[in-house]
Amino acid sequence: MREYSDYVNAVYGYLKNYNKFKAQVKILTIKIKDKEQEIETFGGAKIANYNITGGSSGGSVSNEVEQRVFLKMKLQDELKQLQNNKSHLQRRMELIDEAIQSLNDTEQKIVRLKFIDGYRWMFVSCECGYSERQCQNIGKKAVQKLADVIFNFVPAQIGLNFIFIENQQNE
């Protein structure tokens, strides 16, 4: 099982790379359109030229029709992979966005300014009206809240201490 701090570090990584995720989604959208256009202009298989020997290719691509079908299948697989990658990134971004929405306004502003936009703490503190130290503490607690939301932790109290248990859902 991963340590709680591993989940917090993962959230820091998600936030740091959030703008890269957005750019990758746009790039993947362009690549998907290009791949769809390539498949569309590729056309269908041409009529085969039959020769006297005929017969099966025995697993190897021997004639033009088989080559074109094989190439088209390869292009379709590449398209599906691009679509899966885009979908995965979009789900991750939606998850991050929803988790950020669970924070209060101050926490959201600090998370966006510091961890997504990459501003220095001095700038963040000026924008939020808190000291640098207060902003750092608010930011740290906000990231911990995000980890709880994103990785679905359920708080459980043992004595006077709270521990976080990973919520196992059957999917």
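Is Val25 buried or exposed, and what is its relative accessible area? Val25 is buried, with a relative accessible area of 12%; buried denotes under 20% relative accessible area, exposed over 50%, and partly exposed the range in between, for a 1.4 Å probe and protein chains only. The legends below describe a predicted model, in which local features need pLDDT of at least 70, side-chain atom pairs count only at pLDDT 80 or more, and totals for chains, interfaces and linings use all residues. Residues are numbered from 1 along each chain as its sequence is written, and side-chain values use heavy atoms, with hydrogens and water left out.

**Figure 1. Surroundings of Val25 in helix α2.** Helices are DSSP runs of H or I with at least four residues, strands are runs of E with at least two, and both are numbered from the N terminus. Beyond residues up to four places away in sequence, Val25 touches Lys86, Leu89, Gln90 and Met93, where contact means heavy atoms within 4.5 Å. The C-alpha atoms of Val25 and Leu89 are 6.7 Å apart in space, although 64 residues separate the two in sequence.

**Figure 2. Salt bridges around Lys35.** A salt bridge is a side-chain nitrogen of Lys or Arg within 4 Å of a carboxyl oxygen of Asp or Glu, and by this rule the count comes to three. Lys35, Glu38 and Glu78 are linked in a network of such bridges. Between Glu38 and Lys35, the closest N and O atoms are 3.6 Å apart. These two residues are three apart in helix α2 (residues 18-42), and are therefore separated by about one helical turn. Glu38 is partly exposed at 37% relative accessibility, whereas Lys35 is buried at 14%. The side chain of Lys35 also meets that of Glu78 in a salt bridge, at 2.6 Å from N to O. Because Lys35 lies in helix α2 and Glu78 in helix α3 (residues 64-101), this pair ties together parts that are 43 residues apart in sequence. Glu78 is partly exposed, with a relative accessible area of 28%.

**Figure 3. Salt bridge between Glu107 and Lys145.** The two side chains meet at 2.6 Å, N to O. The pair links distant parts of the chain, with Glu107 in helix α4 and Lys145 in helix α6 (residues 132-150), 38 residues apart. Glu107 is buried, with a relative accessible area of 7%, while Lys145 is partly exposed at 38%.

**Figure 4. Helix α4 and its ends.** Helix α4 covers the 12 residues 105-116. Its expected span is 1.5 Å times one less than its number of residues, which gives 16 Å and agrees with the 15 Å between its end C-alpha atoms. Among the buried residues of α4 are Ile110, Val111, Leu113 and Ile116. At the N-terminal end, Asn104 acts as a cap, with a side-chain oxygen 3.1 Å from the backbone nitrogen of Thr106. Such a polar contact is a pair of N or O atoms within 3.5 Å; within protein, one must be able to donate a hydrogen and the other to accept it, and residues adjacent in sequence count only if both atoms are side-chain atoms. Just after α4, Gly118 takes a positive phi of about 80 degrees.

**Figure 5. Aromatic pairs of Phe115.** Rings of Phe, Tyr and Trp (its six-membered ring) pair if their centres lie within 6.5 Å; planes under 30 degrees apart count as stacked, over 60 as edge-to-face and the rest as tilted. By this rule the count comes to five aromatic pairs. The rings of Tyr12 and Phe115 have centres 5.3 Å apart and planes at 65 degrees, so the pair is edge-to-face. Since Tyr12 belongs to helix α1 (residues 4-16) and Phe115 to helix α4, the pair ties together parts that are 103 residues apart in sequence. Tyr12 is partly exposed at 27% relative accessible area, and Phe115 is buried at 15%. Phe115 and Trp121 are likewise edge-to-face, because their ring centres are 5.9 Å apart and their planes lie at 80 degrees. Elsewhere, ring pairs link Tyr7, Tyr14 and Phe151 into a cluster.

**Figure 6. Cysteine sulfurs of Cys126, Cys128 and Cys135.** A disulfide is a pair of cysteine sulfur atoms within 2.5 Å, and the structure holds zero. The closest cysteine sulfur to that of Cys126 is in Cys135, at 8.9 Å, too far for a bond. For Cys128 the closest is also in Cys135, at 4.8 Å, again too far for a bond. Cys126 is exposed, with a relative accessible area of 62%, whereas Cys128 is buried at 17%.
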